[in-house]
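Reader: I am new to this structure. Please give me a close look at the surface of the protein, one feature leading to the next.

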2 protein chains.
Amino acid sequence: MAIEKKSDCVILGLLSHEDLTGYEIKKRMDTALKYFWGASYGSIYPALGDLVKRGLASKRDGAENNRNKIIYSITEDGRNYLKGWLANPVEKDELRYETLLKLFFGHEAGVEQTLAHIEAFEEKISKELPFLIGATEVLKKGISEDDTHKYYLLTAEFGVKTYQAYLEWCREAKAILKEERG
Amino acid sequence: MAIEKKSDCVILGLLSHEDLTGYEIKKRMDTALKYFWGASYGSIYPALGDLVKRGLASKRDGAENNRNKIIYSITEDGRNYLKGWLANPVEKDELRYETLLKLFFGHEAGVEQTLAHIEAFEEKISKELPFLIGATEVLKKGISEDDTHKYYLLTAEFGVKTYQAYLEWCREAKAILKEERG
DNA sequence: GGAATAATATATCACTCTGATACATTTGTC
DNA sequence: GACAAATGTATCAGAGTGATATATTATTCC
């Protein structure tokens, strides 16, 4: 039983919604998926070529003017492959926060530097949270028109809930660090 | 200005607390750090060799009986390297949750399968949360004895706060999905 | 006492993915 | 009309994973 390569699965997932170019796939990664997944050009373009070779996607020329443009579609086999992967249990959920790593070694850096890392994290999250909240509101309105919106909403709500928890933690963490300061 | 390799930094961070073997480093990764970082043998052993070559760590023979055992220590240069990295701003905090990826493409899989993924996630988190809570309690007690405990506590509290948010989200997500079912 | 299993310990390798870069054109802005 | 930003495809060195190989010691169970 072949274990699915993640980059294949995300790309097929995106192609299951609409035909896309490699560039557009990258844009989806950096917007809709960015809060829980990522992929670089270095994985997208080779994967696309490979998917076509294996008959899971097809490509057609979408050139306009002088711009070369290759539009990819999912095939019947590709859709079955995607469904097979979706039916399997999740293998790994991974969090890799450099902020927490630096905090863990905070004894070496001292209270001031550690506080600065927390504050930078807090600012980043505070700036992004409104976009996530905005996304959930848009999705909630469109939920009856398009069934996919319901599933997008699940992931956006996850973002909102966790980001709110992060901000709560920031306040608590700063308090813990400041407790014994002069 | 050399950009630090993450595997070097984690290892030096762990060695800044105590001398360790490669095997022990891996164990720390799988216990204390597992909620926000990870590393495999395939990155640890080569990195250790490299750190010694660059003078950031030193090794000594710690063989007992017939077991070969190499104990690594951080050097003065290594500690400075670590401090330099800690002083720099965080480059990337990354979340990579296959569960959310499968949810995002849930339209293709259907409500039942998507619910199953959420329930599996909920169970996994429910099982791990007590350990995190236990860790915070132990750390809180020892906070006055050992300064490092304060920093460990920050990361453990992060785990507790986010895991509780995950469980809240699970309840909400299941409700959203069940709304329109027969 | 002896067998089986788990834990300790080091190390490598194929494969995947990232981050950077190269290149070329088109669209938008001032 | 100049300049910057966006669109588009593609590759490559380096980093990291997951699996595997190998060997010894400690523990458990009968």
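Author: Start with one cut-off: a residue is near a molecule or strand when one of its heavy atoms lies within 4 Å of it. The model is predicted, so to speak of local features needs pLDDT of at least 70, side-chain atom pairs count only at pLDDT 80 or more, and totals for chains, interfaces and linings use all residues. Residues are numbered from 1 along each chain as written, chains are lettered from A and ligands numbered from 1 in written order, and side-chain values use heavy atoms, without hydrogens and water.

Now look at DNA strand D. Of its atoms within 4 Å of the protein, 68% belong to sugar or phosphate; the rest belong to bases. Around this strand stand 24 residues, and A:Tyr23, A:Tyr45, A:Arg67, A:Ile70 and B:Ser7 come nearest.

Polar contacts (pairs of N or O atoms within 3.5 Å) add detail. A backbone N or O atom of A:Tyr23 sits 2.9 Å from a phosphate oxygen of DNA strand D. For A:Lys69, a side-chain N or O atom is 2.9 Å from a phosphate oxygen of the strand. A:Arg96 places a polar side-chain atom 3.4 Å from a phosphate oxygen of DNA strand D.

Helices (DSSP runs of H or I, at least four residues) and strands (E, at least two) are numbered from the N terminus. Four helices give two or more residues each to the surface near DNA strand D: H2 (22–30) and H3 (41–53) of chain A, with H1 (6–17) and H3 (41–53) of chain B. By class, this surface has 5 nonpolar, 11 polar and 8 charged residues. Here Ala, Val, Leu, Ile, Met, Phe, Trp, Tyr, Cys and Pro are nonpolar, Asp, Glu, Lys and Arg are charged, and the others, Gly among them, are polar.

Turn to the largest pocket. A pocket is an open set of points on a 1 Å grid over the protein atoms alone, where a 1.4 Å probe fits, with protein on both sides within 12 Å along at least five of seven lines; lining residues have an atom within 4 Å of a point. Its lining has 41 residues, with A:Thr31, A:Ala32, A:Lys34, A:Tyr35 and A:Phe36 nearest the centre. Helix H2 of chain A is among the elements that give two or more residues to this lining, as are strand E3 (93–97) and helix H5 (98–104) of chain B. H7(A) gives the most, 9 residues. The lining of the largest pocket divides into 24 nonpolar, 6 polar and 11 charged residues.

Key
A polar contact is a pair of N or O atoms within 3.5 Å; within protein, one must be able to donate a hydrogen and the other to accept it, and residues adjacent in sequence count only if both atoms are side-chain atoms.
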